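Please read the report below with the sequence and the structure side by side, and find each residue in the display as it is named.

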Amino acid sequence: MYLEERIQKTRAWDALLKLQRLLAAISTIIVVFELGIVVVCRYIFEINVLGYDEIILIGAYWMYFIGSSYATWEESHVSADVLAIFVSERARQKLSLFSKAVQVAVGIPMVILSFDLVRWDVLIDPRTIDWGIPYLIPHMGIFVGFILMLFYNCIYLLRDYHRVKDFKG
């Protein structure tokens with residue numbers, strides 16, 4: 001059994017997925033609830049809600065980036081893999097390996113850049129105008145999301161490497 005298979009069979013792997021589902025659900029609820037409040041206040045009570053966009057910002061960042069990392073785990077993100085229709089199984093596996101290698105290569109600088117953003121937030125401590133919410137909170141969603149995407153892509157890169165290496169056909 002290869003390393004990536006052992007990792008995927010751990011309780012930590014399952015716990016991580018449950019945590020991602022929970023964070024995605026909570027962030028989605030925050031966004032939908034806040035938008036509902038704004039609609040009711042604005043169109044029924046004719047009251048303007050100040051600073052709602054700052055709260056939606058937190059939920060949206062976490063929702064998008066945790067959702068992206070979950071899609072990376074599922075391998076359900078959008079792809080235009082038309083070439084795979086016309087090639088052999090061996091070539092498909094090599095294309096998948098190449099694709100994962102590119103995703104890892106792109107993911108590394110994205111993690112570094114998002115870490116720099118979080119570090120800047122810690123040093124400078126910028127805050128939103130109305131509520132004074134630290135930008136660190138939504139920006140952590142970017143950083144965590146990119147770390148998770150890179151982690152899953154590394155696991156799948158190992159898996160695809162072993163599939164190509166062990167291919168018999």
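## Charged pairs and what lies around them

E75, K100, R159, D160 and R163 are joined to one another in a network of salt bridges. The structure discussed here is a predicted model, and the count of salt bridges in it comes to 7. In general terms, side chains of opposite charge can pair when their charged atoms come close. Within the network, the side chains of R159 and D160 meet with N and O 2.9 Å apart, and both of these residues are buried. Another member of the network, E75, follows helix 3 and has a positive phi, near 55°, while K100 is one of the buried residues of helix 4.

Two further salt bridges, E89 with R92 and R119 with D116, can be set beside the pair R159 and D160. The table gives the N to O distance for each.

| Salt bridge | N to O distance |
|---|---|
| E89 and R92 | 3.2 Å |
| R119 and D116 | 3.2 Å |
| R159 and D160 | 2.9 Å |

E89 and R92 both belong to helix 4 and stand 3 residues apart, about one turn of the helix; R119 and D116 also both lie in helix 4, again 3 residues apart and about one turn of the helix. Are the residues of these two pairs buried, partly exposed or exposed? E89 counts as partly exposed because its relative accessibility is 38%, and R92 is partly exposed with a relative accessible area of 32%. R119 is likewise partly exposed, at 44% relative accessibility, and D116 is partly exposed with a relative accessible area of 30%.

## Helix 3 and helix 4

Helix 4 covers residues 89-124, which is 36 residues, and it reaches 52 Å from its first C-alpha to its last, close to the 52 Å expected at 1.5 Å a residue. Its buried residues are Q93, K100, V104, G107, V111, S114, V118 and D121, and what covers them includes helix 5. After helix 4 comes D125, with a positive phi near 55°.

Helix 3 has 23 residues and spans 32 Å between its first and last C-alpha, close to the 33 Å expected at 1.5 Å a residue. Among its buried residues are E54, I58, W62, I66, Y70 and T72, and the cover over the buried residues of helix 3 includes helix 2 and helix 5.

## The nonpolar cores

In soluble globular proteins, nonpolar side chains tend to be buried together. In this model the largest nonpolar core has 11 residues, namely W13, L17, I58, W62, I66, Y70, I133, L148, Y152, I155 and Y156. Which elements give two or more residues to this core? They are helix 2 (11-44), helix 3 (52-74) and helix 5 (136-166). A second, separate core has 8 residues, including V104, V111, I142 and F146.

I66, a member of the largest core, touches Q20, L23, A24, V144 and L148 when residues up to four places away in sequence are not counted.

## Two positions in helix 5

N153 is in helix 5, and N153 counts as buried because its relative accessible area is 7%, under the 20% that sets the limit. Leaving aside neighbours within four places in sequence, N153 is in contact with T72, K100, Q103 and V104; of these, K100 also takes part in the network of salt bridges, and V104 also belongs to the second core. The C-alpha atoms of N153 and T28, which are 125 residues apart along the chain, are separated by 24 Å.

L158 is also found in helix 5, but it counts as partly exposed, at 32% relative accessibility. Its contacts, not counting residues up to four places away in sequence, are L3 and E4. The C-alpha atoms of L158 and L97 are separated by 8.5 Å, although their positions lie 61 residues apart along the chain when counted as a separation in sequence.

## A nonpolar patch on the surface

Nonpolar residues are also found on the surface, where V39, V40, Y43, I44, F45 and I47 form a patch with about 630 Å² of accessible area together. F45 has its place in the loop between helix 2 and helix 3, and F45 counts as exposed because its relative accessibility, 54%, is over the 50% limit.

Note on methods
Residues numbered from 1 in each chain as written. Predicted model: local features only at pLDDT ≥ 70, side-chain atom pairs only at ≥ 80, totals over all residues. Heavy atoms only, no water. Core = buried A, V, L, I, M, F, W, Y, C linked by side-chain atoms within 4.5 Å. Buried < 20%, exposed > 50% of the residue type's maximum accessible area, 1.4 Å probe, protein only. Helix = DSSP H or I, 4+ residues; strand = E, 2+ residues; numbered from the N terminus. Contact = heavy atoms within 4.5 Å. Patch = residues over 30% accessible without salt bridge, like charges linked within 9 Å, V, L, I, M, F, W, Y side chains within 5 Å. Areas by Shrake-Rupley, 256 points an atom, 1.4 Å probe, with all protein chains shown as cover. Salt bridge = Lys/Arg side-chain N within 4 Å of Asp/Glu carboxyl O. Expected span 1.5 Å × (residues − 1).
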